[in-house]
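Subject: Structure handover

Hello,

Please find the structure below, followed by notes on what turned up in it. The notes deal mainly with charged side chains.

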Amino acid sequence: MAGRVPMMQPQIILLKEGTDASQGRGQLLSNINACLAVVDTVRTTLGPRGMDKLIVDEKGEVTISNDGATIMKLLDVVHPAAKTLVDIARSQDAEVGDGTTSVVLLAGELLKEVRGYIEDGVSPHIIIKGYRNAAQLAINKIKEIAITIERTDDIQFRDLLKKCAGTAMSSKLIHSHEDFFTDMVVNAVLKLDQEELNEKLIGVKRIPGGAMEDSLLVDGVAFKKTFSYAGFEQQPKSFKNPKILSLNIELELKAEKDNAEVRIDDVSEYQAIVDAEWTIIYSKLETIVNAGAKVVLSRLPIGDLATQYFADRDIFCAGRVPAEDLNRVVNAVGGSMQTTVSNIEDKHLGTCEYFEEKQIGGERFNIFEGCPATKTCTLILRGGAEQFIAEVERSLHDAIMIVKRCIKNNLTVAGGGATEMEISKYLRDHSRTIEGKQQLIIGAFARALEIIPRQLCDNAGFDATDMLNNLRMKHAQGALWYGVDINAESITDNYEKFVWEPALVKTNAIAAATEAACLILSVDETVRNPASEKPQGGPPMPRGGAQRSFRGRGRGIPR
C-alpha cells in the first residue's frame, strides 16, 4: 500500500542506563593522546641530565624519584588505555630492573608516529602487523650486534659489571658517588649464590643521618634491634663463633587460650595448672641452653622471663625478628628454622665468625659477619633525609638488577642512544626494500627509536636536531656504537667510553613497548558505566521520598 507507514524498529537497550560507549577512530585517537600525556610526565627524567619528580600522595607522603616505574606507580593514572603504560614500566622493572623510562617513552613515540596514519584512515591492523615485524627485526639485529663478554678473567669481568652498574646509576641521584656505589653493588651481587642470584637476599636498611659515603656493606646479615624486655641489658652483646638457634615459637609465659575451659573443684588444682605452665616454659628454656646456643632468635615474642633466664646464662636473644631478616640469617649462618625445641642437634644450629650489637647512627643493629654459608649480604644506607635515602635505595635496586642480568646474560651493547640509532638506521634501510604500506610503518618504527637520543639531548639542553643529524651520518658510515656524549656535548663511540648496558635492557624494552602500542591500537571502543564503578549503596529510594508517598496514600490524597 502506498500510504502505509513503515514499521518503526523498536529501540533495543543493551547496556545499563548511564553507560558511555565511545567507539571508532575518535576513540582510538583519544587513547593515543591520553598515552602521550602520560609520556610527557616522565619524559624529562631520562638520562644523566634527567630531572627528578616530587610526588605527594593523598596521605601527604612525599616521594622524590627519577625512576620511571616508581613515578608511573605513584601517578595513579585513571585513563584505562594509559594504564597499559604503567604495566609495561612495571614489567620492565621486574624483568630487567632498568630502562623503565625508556620503555614508556618508546611506547608513546610509536603511537605518536602512526597518529597521522590513523587520521588518514589506515587500518590499525596494518600498523600492528608492521610494528610486530619491525620489533622482531630490531630484536634480532640487537642480538646480532651485541658483544659477548667471556667470563675468563675474573678481574676483567668484575670491571665489566662495574661499568654496567655505572651506566645504570648515571641518571640517578647517586651519580656523584658512582665509584663508591658501583663497588658496593658489584660486591653485593657477587656474594650471592651465582646460580640463583636471588636479589631478595640482599637486605637494604635505611638509617637517616650521616653522609652517603658512610653507607656500608655488611658481609652477612644486619637487622635493627628488636623490641626487648627487662633483662636484655644484662645480656652479652658480642660473641666469637657463637652457635645460633633460629626459632619460630613463642618463649612467653602464656595464659590459657581465651576459649579454653578448665573446671576445678579446689584451689590446689588451680595451683597445679599454674605450676604446669611454669614447668613447660622452664623446660623449653633449659633445652635451648643445653643445646649450646649462644644467640637465640625467634620470629615470635621472647618474653621477660625468658630474656632474664638467658641473661643469667650469658646468652643473647632477640624476639619478633622480621621473617625476611630471619630467613636471611638462616641462609647465611647455616642450620635450620626450628618450630619446636625438642631434639635440637648441632646440625640445626648455625654459626658465624663474629656477632655483635652496635650503634649505627641513631639505631642499634644486630650484625652477623663472616658467615660460613654466606649467600646473602646487607646494604646499610646513610643520608640526610628519609626521601633521599629511599631514592638511593631505588637507584641501587636498578644497578643490582643490571649487574644480575649481566652475569646471567653476557651480551652487552652501548648506551647513550647508540643502539637505538643503529637499529633505526637498519630498519630505515630495510623498509626501502618492502613495497606497500608496510614500508611506511617500518619507517615510522625507525623514526620512533630516535626518541631516546633526542630526549637525552633535550634533557641536557643540547641541540637535538644537530646531534641526530651527526649521529645519522656516523651510523651511515658504519660507526656502530656512536651515541650522545653528555659530558662533552657531542657524539662519541660509547662502547669505547664504557657506557655499557646488557642487551636484555634493549630487547625487553622494544618488545614491551611494541606490545603496549599494538594493544592500544587494537582497541576501538571503550564501554564505561560510571554508576557501576561507585560503591553499592542499596536500592534507590522511591521518587518523592518514602515518607511522603506513604502519608499521601493513608489520607486518600490523589498522587
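I start with a pair in one helix: the side chains of E422 and K425 form a salt bridge, with N and O 3.9 Å apart. Please keep in mind that this is a predicted model. Both residues belong to helix α12 (residues 418-431), and because they are three residues apart there, about one helical turn separates them. The two partners differ in burial: E422 has 5% relative accessibility and so counts as buried, while K425, at 25%, counts as partly exposed.

A second salt bridge links D485 and K497, whose closest N and O atoms are 3.8 Å apart. D485 sits in strand β18 (residues 482-485) and K497 in the loop between β19 (490-493) and β20 (500-502), so this pair ties together parts that are twelve residues apart in sequence. At 9% relative accessibility D485 counts as buried, whereas K497, at 48%, counts as partly exposed. Elsewhere, D67, K172 and D398 are joined into one network by salt bridges that share partners.

The count of salt bridges comes to 26. One of them is between the side chains of R132 and E515, at 3.2 Å from N to O. R132 is in helix α5 (residues 124-145) and E515 in helix α16 (residues 503-521), so the pair ties together parts that lie 383 residues apart in sequence. R132 has 43% relative accessibility and therefore counts as partly exposed; E515, at 46%, also counts as partly exposed.

Which charged residue is buried yet has no salt bridge? That is D93, and its nearest side chain of opposite charge, K73, is 5.4 Å away. The cut-off for a salt bridge is 4 Å, so a pair at a greater distance is not counted. D93 is found in helix α3 (residues 83-95). Leaving aside residues up to four places away in sequence, D93 touches A69, T100, H397, D398 and M401. D398 is also a member of the network with D67 and K172.

Finally, a check on helix α1 (residues 25-42). At 1.5 Å a residue, its 18 residues should span 26 Å, and the C-alpha atoms at its ends are 27 Å apart, which agrees. The buried residues of α1 include Q27, N31 and C35, along with L28, L29, I32, A34, L36, V38, V39 and V42.

Regards

Methods:
Residues are numbered from 1 along each chain as its sequence is written. This is a predicted model: local features need pLDDT of at least 70, side-chain atom pairs count only at pLDDT 80 or more; totals for chains, interfaces and linings use all residues. Side-chain values use heavy atoms; hydrogens and water are left out. Helices (H or I, at least four residues) and strands (E, at least two) are DSSP runs, numbered from the N terminus. Buried means under 20% relative accessible area, exposed over 50%, partly exposed in between (1.4 Å probe, protein chains only). Lys and Arg count as positive and Asp and Glu as negative; His and the chain ends are not counted. Contact means heavy atoms within 4.5 Å. The expected span of a helix is 1.5 Å times one less than its number of residues.
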